[in-house]
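Colleague: Could you take me through one part of this model in detail? I would like to start with a pair of neighbouring strands and then see what lies around them.

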Amino acid sequence: MAAMTILVADDDKEIRDGIEIYLKNEGYRVLKAADGQEALDLLKTEEVHLLILDIMMPNMDGITATFKIREAQNVPIIMLSAKVEESDKIHGLSVGADDYVSKPFQPMELMARVKSQLRRYVQLGTYDGDKTLEIDGLVLDEEAKTVTLDGAPVKLTPTEFKITELLMKHPGRVFSINEIYERVWNEEAYNAENIVAVHIRKIREKIEADPKNPRYVKVVWGVGYKIEK
């Protein structure tokens, strides 16, 4: 992953520069922006494989930037914020972020999250048999990393794709929230309920005609989630 480019957007220069040092030590190429608009401008001219966005920035905050990025790209996004309220985390995930790290953070924790997100983004994986999964008009191509519903493309974030892929590989099987988190995030689950629930809600909004009465992704109360056979 030495050739991967990571864009760090934070209005605090010391934080930008500090993150840059750790990323470069891991072999990544680093671009820096002081606000969301600068980040968007860089995305127009640079190939970026992951973004680290602070929520609170002048001119354009991280939430607005994420919303605009998701209109065109599925590049992984990790959000940073000094705010620790659960509502801020949920808001960031709701607009399309893949992960969230609260300030102050341990640099090694952030690096682990970066590596985890990049693995999911670039890894094609080793699959047995057909690389296309299909359930009642919902088609997921594991190699091309695409999803279609009744022939129409569905734009999923990398994390949403991995959750959908996990459920579609095991139709009818119920996965607990912790199991989904550990399989998709590749780390031990801790306070994972809201994080997973937000991603499930976003998946439903994209693939269900009526998200409140889902055709595909079903909740088994007190147990977890499944995709119907």
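Modeller: Happy to! Let's begin with β7 and strand β8 (residues 146-149), which pair in the antiparallel sense over four bridges. Please keep in mind that this is a predicted model. To find your place in the pairing, look at L138, whose bridge partner in β8 is L149. The two strands form a hairpin with four residues between them. One residue of that turn deserves a closer look: K145 has a positive phi of about 60°, and K145 is not a glycine. Most residues other than glycine have a negative phi, and most peptide bonds are trans. As for its surroundings, K145 is partly exposed, with a relative accessible area of 24%.

On the other side of the story, β7 also has strand β6 as a partner. Strand β6 (residues 132-135) and strand β7 (residues 138-141) are antiparallel and share four bridges. Here T132 stands opposite D141 in β7. This pair is a hairpin as well, with two residues between the strands, and D136 takes a positive phi near 50°. So what should you click on to follow both turns? Select D136 for the hairpin of β6 and β7, and K145 for the one of β7 and β8.

Further along the chain you come to helix α6 (residues 158-169). Its twelve residues reach 16 Å from the first C-alpha to the last, close to the 16 Å expected at 1.5 Å a residue. Helix α6 is mostly covered, as ten of its twelve residues are buried. Among the buried ones are F161, I163, L166, L167 and M168, but also E160 and E165.

Part of the surroundings of α6 is helix α8 (residues 193-207). The two helices pack at an angle of about 85°, with their axes 10 Å apart. They are therefore roughly perpendicular to each other. From α6, the contact is made by T159, E160, I163, T164 and L167, and from α8 by H199, I200, K202, I203 and K206. Sorted by class, these are four nonpolar, three polar and three charged residues. An α-helix has 3.6 residues a turn, so residues three or four places apart point the same way. With that in mind, you can trace T159, I163 and L167 along α6 in this contact.

Just ahead of α8 there is another backbone detail to compare with K145. N186 has a positive phi of about 60° although it is not a glycine, and N186 sits in the loop between α7 (177-185) and α8. N186 is partly exposed, with a relative accessible area of 44%.

To place all this in the wider fold, turn to the open sheet of five strands, which runs in the order β2-β1-β3-β4-β5 with parallel pairing. Its edge strands are β2 (29-33) and β5 (99-102), each of which pairs on one side only. Neighbouring strands in this sheet are turned by 20° against each other on average, direction ignored. Strand β1 (residues 5-9) joins β2 in the parallel sense through five bridges, and T5 stands opposite R29 in β2. Helix α1 (residues 13-25) packs on the sheet and touches β1, β2, β3 (50-54) and β4 (77-81), while its direction makes about 170° with that of β2.

One last stop follows β5: the peptide bond from K103 to P104 is cis, with omega near -10°. You will find P104 in the loop between β5 and α5 (107-122).

Definitions and conventions:
Residues numbered from 1 in each chain as written. Predicted model: local features only at pLDDT ≥ 70, side-chain atom pairs only at ≥ 80, totals over all residues. Heavy atoms only, no water. Expected span 1.5 Å × (residues − 1). Buried < 20%, exposed > 50% of the residue type's maximum accessible area, 1.4 Å probe, protein only. Pairing = 2+ DSSP bridges. Axes fitted to C-alpha atoms, helices over the stretch in contact; angles between N-to-C directions. Contact = heavy atoms within 4.5 Å. Parallel < 35°, antiparallel > 145°, perpendicular 65-115°, else oblique. Nonpolar A, V, L, I, M, F, W, Y, C, P; charged D, E, K, R; others polar.
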